[in-house]
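Biologist: I should like to take a close look at one part of this model with you. Please begin from a single residue and then widen the view to its surroundings.

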Amino acid sequence: MEPVKVGVIGCGNISDVYFQSGKVFEAFEITACADLLPERAEAKAAQHGVPKACSVDDLLADPNIDIVLNLTIPKAHAEVALRALAAGKSVYSEKPLAVAREEGERITALAKEKGLLVGCAPDTFLGAGIQTSRKLIDDGWIGEPVAATAFMMCHGHETWHPDPDFYYQVGGGPMFDMGPYYLTALVNLLGPMRAVSGSARVTFPERVITSQPRYGAVIQVNTPTHLAGTIDYANGAIGTVIMSFDIWAHTLPCIEIHGTEGSLSVPDPNGFGGDVRVRRAGTPDWATVPHSHGYADNSRGVGVADMACAMRSGRPHRASGALACHVLDAMQAFLDSSDAGRRIELTTTCDRPAPLPMGLLHGTLDP
Ligand SMILES: NC(=O)c1ccc[n+]([C@@H]2O[C@H](COP(=O)([O-])OP(=O)(O)OC[C@H]3O[C@@H](n4cnc5c(N)ncnc54)[C@H](O)[C@@H]3O)[C@@H](O)[C@H]2O)c1
């Protein structure tokens, strides 16, 4: 079948892996790219053999493009997504879907009105590590889930990212930057959330960039950089979360799920592979479980391929706008809860995405 035609808007740091994915997955191909800075689009087109580098307006006017792949910075996600939908194109955005829940709701409402699809990163939950974890839970290895822990702690991104300002503005911070990986993986494993509580702070009001080319520049921090919270899941499980850019070192695991019959150690949700370990009640040690699924290497773009397959067959896509809206609602609610000093009931929910089938050929998804 003909690959679905995709146009990339935003040719920065993360775009390379998507340009590569356009060649790995049979369901889509990247036929054009654009950026506010035209020289960036031209450079990526030349590097990856993309047929056309053009302006954002030209890309949106291209009748051959079915999906806009929105790889801009978080505060531009909503504007670019809404423009793509208005131009009659489905849109798949990098995370987060938007920087405010109202924007997310506007995006999904416009898509519904126009009969178009919205997808959103992260798609790491479609990787081997989280799909294997999901299968173990669904097959009953740990019984009924009771508790989940999710810890992401580091000292921020100004030591390596060439343009790290957005990580310290509204829509950045550890919750909006890294929270999507953890919360999305957990919705895939446990189902939707019901309520959250959070306590958040800014520890360092200024950050000094030590990466090139902006070594020595100072960033004013305008969003919390340390957050601790709890999550009540609709299925009754209770989650404990820390997301922080204020921690120099730690020894806590990324994600664990504890059930009535055992415990599961889930690999880093900001990756596709990693060890999955289980320890059943009464057993003396943890056992590493072989991956039941493929996509253990960096496969960013598998969510776009899944959405392209869904466009062709009409089945639901997994990294969906509804899932991203629910995660966005929760991320904002953690911060709202900290401000208000009380637990916040979420107003959104979503279906648990369908598990991937086992045995897929590399570069394919279920039709
Ligand atoms: N860098 C990473 O390792 C990484 C990993 C996973 C996800 N992400 C996500 O990917 C997105 C992009 O991150 P990045 O690191 O590539 O950022 P970046 O700053 O390197 O690149 C963003 C690009 O978008 C362009 N842009 C911004 N606003 C635009 C607009 N309105 N129209 C057209 N182009 C516009 C910029 O000129 C820039 O070239 C973010 O949402 C980020 O959270 C990044």
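In which loop does Ile 14 lie?

Modeller: The model is a predicted one. In it, Ile 14 belongs to the loop between β1 and α1 (15–24). Ile 14 is exposed, because 12 other C-beta atoms lie within 10 Å, and a residue counts as exposed if that number is 12 or fewer. Leaving aside residues up to four places away in sequence, Ile 14 touches Leu 71 and Glu 94. Glu 94 is 80 residues apart from Ile 14 along the chain, and the C-alpha atoms of the two are separated by 9.1 Å.

Both residues also belong to the surroundings of the ligand. There, 21 residues surround the ligand, and the closest are Gly 10, Gly 12, Asn 13, Ile 14 and Glu 94. Sorted by class, this shell holds eleven nonpolar, four polar and six charged residues. Helix α4 (residues 74–86) supplies the largest share of the shell, three residues.

From the loop of Ile 14 one may step back to strand β1, which spans residues 4–9. Four bridges join β1 to strand β4 (residues 67–70), and the two strands run parallel. Within β1, Ile 9 stands opposite Asn 70 in β4. These two strands are part of an open sheet of six strands with parallel pairing, in the order β3-β2-β1-β4-β5-β6. At its edges stand β3 (52–54) and β6 (118–120), each with a single partner strand, so one side of each has no neighbour in the sheet. From one strand to the next, the twist averages 25 degrees.

Helix α4, already met beside the ligand, has a helical partner as well. Two packed helices are described by the angle between their axes and the distance between the axes. The axes of α4 and helix α5 (residues 101–114) come within 10 Å and cross at roughly 10 degrees. Angles under 35 degrees count as roughly parallel, which means that α4 is roughly parallel to α5. On the α4 side, the contact is made by Ala 78, Ala 81, Leu 82 and Leu 85. On the α5 side, Glu 103, Arg 106, Ile 107, Leu 110, Ala 111 and Lys 114 take part. This contact has seven nonpolar, no polar and three charged residues. An α-helix has 3.6 residues a turn, so residues three or four places apart point the same way.

Further along the chain, the loop between β6 and α6 contains Pro 122. The peptide bond from Ala 121 to Pro 122 is cis, with omega near 5 degrees. Beyond this loop comes helix α6 (residues 128–138), which lies across β7 (145–153), β13 (255–259), β14 (262–266), β15 and β16. The direction of α6 is at about 170 degrees to β14. Helix α6 is mostly covered, with nine of its eleven residues buried; among them are Ile 130, Leu 136 and Ile 137. The cover over these buried residues includes β7, α7, β13, β14, β15 and β16. Just after α6, Gly 140 takes a positive phi of about 90 degrees.

The strands beneath α6 lead to a second sheet. This open sheet of nine strands has mixed pairing and the order β16-β15-β14-β13-β7-β12-β11-β8-β17. Its edge strands are β16 (287–289) and β17 (344–345), each of which pairs on one side only. Strand β15 (residues 276–280) is joined to β16 by three bridges, and the two run antiparallel. Here Val 278 stands opposite Ala 287 in β16. Helix α7 (residues 173–190) also packs on the sheet, where it touches β7, β11 (226–233), β12 (238–244), β13 and β14. The direction of α7 makes about 155 degrees with that of β7.

After β16, the loop that leads to α8 (302–313) contains Tyr 295. Phi of Tyr 295 is near 60 degrees, a positive value in a residue other than glycine. Tyr 295 is buried, because 23 other C-beta atoms lie within 10 Å, and 20 or more are needed for a residue to count as buried. The view that began with Ile 14, which is exposed, thus ends with Tyr 295, which is buried.

Notes: Residues numbered from 1 in each chain as written. Predicted model: local features only at pLDDT ≥ 70, side-chain atom pairs only at ≥ 80, totals over all residues. Near = placed C-beta within 6 Å. Nonpolar A, V, L, I, M, F, W, Y, C, P; charged D, E, K, R; others polar. Axes fitted to C-alpha atoms, helices over the stretch in contact; angles between N-to-C directions. Parallel < 35°, antiparallel > 145°, perpendicular 65-115°, else oblique. Contact = placed C-beta atoms within 7 Å. Pairing = 2+ DSSP bridges.
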